[in-house]
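I opened this entry to record what I looked up on ring contacts, strand pairing and cysteines. The structure is shown first, and my notes follow.

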Amino acid sequence: MKDWTPYSWKKLKAAHQPKYPDQKILDNVLKQLRTYPPLVFSGEVELLKTQLKEAALNKRFILQGGDCAERFIDCTAENITNKIKIILQMSVILTYCARRPVIRLGRIAGQYAKPRSQYTENINNQEMYTYRGDGVNDFQPDQQKRMPDPNRLVKAYYHSVITHNYIRAMISGGFADLHHPYHWNLHSIEDHPEWAKYQQTVEHILDAINFTESFGGLKAESLGKIDFFTSHEGLLLDYEAALTRKNAENNLYYNLSTHMLWIGERTRQLDGAHVEYFSGIANPIGVKIGPSISSDELIDLCKKINPFNDPGKLVLISRMGAEKINDILPSLIQCLQKEKINVVWSCDPMHGNTMSIGQHKTRRFVNILSEIKSAFQIHKNLNSTLAGVHFELTGEDVTECIGGIQDVDLKDLGKNYTSYCDPRLNYTQSMEMAFSISQWLAKQ
Ligand code: PEP
Ligand code: CO
């Protein structure tokens with residue numbers, strides 16, 4: 001920690017970094033990025049940390065969600081609006097049922113890089129780099145287009161700026177329409193017998209909103225104060241370091257490209273470059289933990305990333321899979337309890353439940369639901385708090401995950417599959433998920 005700088009990670013092995021063909025172009029791009037303004041303020045980052053600390057005490061709940069990988073072509077008013085809308089609408093359901101404020105944390109405005117298991121792949125008898133997100137290379141299966149291009153880092157910065165700007169405009173412009181239940185678009189499932197049990201909740205929410213509105217409580221001024229935070233996986237360390245700035249008031253370093261960053265399951269090596277970089281910045285840090293992690297490894301990881309045991313700093317996002325969570329998560333929770341290590345627990349029920357069917361990756365709605373249900377139960381049994389959930393979702397009517405009341409079928413997968421990476425819950429599946437979670441959350 002003592003020798004930490006935004007570049008001290010350079011001495012260590014950095015997994016999943018693109019191999020750029022021309023170092024000079026990369027250096028110029030990074031030089032430029034270092035001069036660009038930040039996208040968020042350190043005060044907002046600190047506010048999120050305070051709220052996360054409250055989430056660990058059961059006083060708030062974290063709803064983190066968005067695309068697996070954002071695409072530059074989706075940086076449109078309609079698309080961003082729909083993503084914000086689904087997160088807001090889910091948050092209304094959760095807030096109402098759980099009687100606690102929800103931290104809305106988009107997986108948005110910077111989610112442009114992906115780790116991949118293979119560096120190259122063979123398509124039509126041509127060996128080419130795998131697609132690593134729009135911030136690295138082009139999705140089109142063409143050798144030239146798949147070449148990692150440093151100029152895409154600048155494009156990623158611009159697209160993040162545009163997205164942040166639009167989100168801020170929506171929020172300060174008053175977005176009541178977007179999260180008001182009158183605008184929920186659930187007609188396709190309103191006749192379904194399963195839906196009836198949610199109908200009453202919707203009516204209660206409408207009632208509560210009408211009641212508050214009649215007192216002038218939901219006027220634009222108060223809505224403008226609703227917080228919306230952003231996050232992305234901090235994968236490309238050159239980019240993240242270029243957007244890291246020292247705060248002159250408290251002498252701390254903040255990554256000001258977003259409010260929160262997380263380290264992926266594939267880059268959380270204790271002696272690796274990612275853990276080194278994230279151990280020195282003041283942002284809240286998520287760490288994805290999958291079934292292969294041991295208790296000792298987890299303890300060391302927590303101590304390294306959060307050396308002062310700050311309660312709102314480290315968010316552990318378990319992603320075990322519905323089948324494994326009951327065998328693995330309890331002992332991890334217990335070992336941290338024993339060591340008195342402060343963490344904020346969240347559950348990502350997506351990444352441990354992925355399967356490939358033909359050319360598509362998919363996930364079953366029931367498995368996603370089952371993993372969250374187990375996570376709630378496990379935390380409750382151990383007197384721990386499940387402080388949040390992490391989803392890959394979209395506001396669009398895609399057919400990427402199977403099941404739910406809408407019953408997306410295996411044979412429907414190809415109908416509207418637009419993700420370049422992992423499958424997301426669609427609008428209706430996301431709303432249904434919020435209703436289901438809220439029942440368990442209310443009992444927490
Ligand atoms: C992701 O969140 O898209 C991801 C790659 O997750 P994980 O690191 O948990 O595999
Ligand atoms: Co993913």
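I looked up Phe 61 first and noted a relative accessibility of 0%, so Phe 61 counts as buried. The model is a predicted one. Phe 376 is also listed as buried, at 4% relative accessibility.

I then checked the ring geometry. The count comes to 15 aromatic pairs. In one of them, the ring centres of Phe 61 and Phe 376 lie 6.2 Å apart with the planes at 15 degrees; I therefore entered the pair as stacked, planes under 30 degrees being the criterion. This contact joins distant parts of the chain, since Phe 61 belongs to strand β1 (residues 61-66) and Phe 376 to helix α12 (residues 365-381), 315 residues apart.

Next I examined Tyr 277 and Phe 278, which form an edge-to-face pair with 4.9 Å between centres and 75 degrees between planes. Both Tyr 277 and Phe 278 are buried. Through ring pairs, these two are linked with Trp 4 and Tyr 253 in a cluster.

I also searched for charges over rings. The charged end of Arg 71 sits over the ring of Tyr 420, 4.6 Å from the ring centre. Likewise, the charged end of Arg 99 sits over the ring of Tyr 96, at 4.5 Å from its centre.

I turned to the strands. How many bridges join β1 to β2? I found six, and the two strands run parallel. Gly 65 has Gly 106 of β2 as its bridge partner. From β1 the chain passes through helix α3 (residues 77-98) to β2, in a right-handed β-α-β crossover. On the other pairing of β2 that I looked up, three bridges join β2 to strand β5 (residues 229-233), again in parallel. Here Gly 106 is partnered by Thr 230 of β5.

I asked why β2 (residues 102-107) should be described as largely enclosed by the rest of the structure. The reason is that six of its six residues are buried. In a regular strand, side chains alternate between the two faces of the sheet. I therefore listed the faces separately: Val 102, Arg 104 and Gly 106 are buried on one side, and Ile 103, Leu 105 and Arg 107 are buried on the other.

Finally, I checked the cysteines and found zero disulfides. Cys 75 is in none, its nearest cysteine sulfur, that of Cys 68, being 18 Å away. Cys 347 is buried, with a relative accessible area of 0%. Its sulfur is 14 Å from the closest cysteine sulfur, in Cys 401, which is too far for a bond.

Note on methods. Residues numbered from 1 in each chain as written. Chains lettered and ligands numbered in written order. Predicted model: local features only at pLDDT ≥ 70, side-chain atom pairs only at ≥ 80, totals over all residues. Heavy atoms only, no water. Disulfide = S-S within 2.5 Å. Buried < 20%, exposed > 50% of the residue type's maximum accessible area, 1.4 Å probe, protein only. Phe/Tyr/Trp six-rings, centres within 6.5 Å; stacked < 30°, edge-to-face > 60°. Helix = DSSP H or I, 4+ residues; strand = E, 2+ residues; numbered from the N terminus. Lys NZ or Arg CZ within 6 Å of the ring centre and 35° of its normal. Pairing = 2+ DSSP bridges. Right-handed = clockwise from strand over helix to strand, strands pointing away.
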